[in-house]
Amino acid sequence: MLDCLGTLVRLEPPAPRLRAALVERLGVDVGAEAAGAAMRAEIAAYRAGMHTAVDRTALARLRRHCASVVRDALPPLRETGLEAVEAALLQALTFEPFEEVPRVLAAWRAAGLRLVVVSNWDVSLHEVLARTGLDAQLDGAVASAEVGAAKPDPRPLRRGLELAGVGAAEAWLVGDSPESDVAGALAAGVRPVLVDRAGKLGPQADGVLVVASLAALSP
């Protein structure tokens, strides 16, 4: 099982992309500082409401709310329709796989491993995996919003085990968060593997394998 953000994909810096999207779509340049502040406000709003997005209708509602937060944070946009702001916001949110990820997933598949993403995310997790092309290498994906619980709660991992068709003793969870991924894996009886791309997480408890990237796990 694999976490998504920080493990498989990274979010490209959204503030410059938001600024560029607003210029492209609306002809308004809000400046770098204002775009950064707007994105910070949006991210806080998204995190607060992420787990309400349990289906497409709820996701649309959350996205509209986040667009309103962006608009309210940018005075030049106060009279702009939310639909245009939402389009610019979604354009700003771009996820890209880490360099080694497609190759490693393909190698794992060739070796006969079952691969399931289990991530603290709304239902758009499936869209992200499809847009990045990673879904083709997976046996399934679990968004925490769909389960009604987020890691470190073990319920998303238990659903991942069901999709993989294996028991906890046969599974690993590879993720980048000691608080969510390592703790969640241990709660579910799954072996944790911590991805420390920046080399800043420090020593972990005995039994927690720490790697710099997924390449260290390639068969």
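The paragraphs below walk through helix packing, a strand residue and the nonpolar cores of this structure. The model is predicted, so that local features need pLDDT of at least 70 and side-chain atom pairs count only at pLDDT 80 or more, while totals for chains, interfaces and linings use all residues. Residues are numbered from 1 along each chain as its sequence is written, and side-chain values use heavy atoms, with hydrogens and water left out.

Two packed helices are described by the angle between their axes and the distance between the axes. Here helices (H or I, at least four residues) and strands (E, at least two) are DSSP runs numbered from the N terminus, and axes are lines fitted to C-alpha atoms, for helices over the stretch in contact, with angles from 0 to 180 degrees between N-to-C directions. The axes of helix H1 (residues 14–26) and helix H2 (residues 32–49) come within 8 Å and cross at roughly 115 degrees. That makes H1 roughly perpendicular to H2 (under 35 degrees counts as roughly parallel, over 145 as roughly antiparallel, 65 to 115 as roughly perpendicular and the rest as oblique). In this pair the contact (heavy atoms within 4.5 Å) is made by Pro 14, Ala 15, Leu 18 and Arg 19 of H1 and by Ala 32, Ala 35, Gly 36, Ala 38 and Met 39 of H2.

H1 also packs with helix H4 (residues 82–92), where the axes come within 8 Å and cross at roughly 140 degrees, which makes H1 oblique to H4. Among the H1 residues in this contact are Pro 14, Leu 18 and Leu 22, and H4 contributes residues including Ala 84, Ala 88 and Leu 89.

Elsewhere, Val 118 is found in strand E3 (residues 116–119), and because its relative accessibility is 0%, Val 118 counts as buried (under 20% relative accessible area, with exposed over 50% and partly exposed in between, using a 1.4 Å probe and protein chains only). Leaving aside neighbours within four places in sequence, Val 118 is in contact with residues including Met 1, Leu 2, Val 142 and Leu 157.

The largest nonpolar core (buried Ala, Val, Leu, Ile, Met, Phe, Trp, Tyr and Cys residues joined through side-chain atoms within 4.5 Å) has 26 residues, of which Leu 2, Leu 8, Val 117 and Leu 214 touch the most other members. Helix H5 (101–110), helix H6 (125–131), strand E4 (140–143) and strand E6 (191–195) are the elements that give two or more residues to this core, and H5 gives the most, with 4 residues. A second, separate core of 24 residues includes Val 30, Ala 38, Ala 53 and Leu 62.
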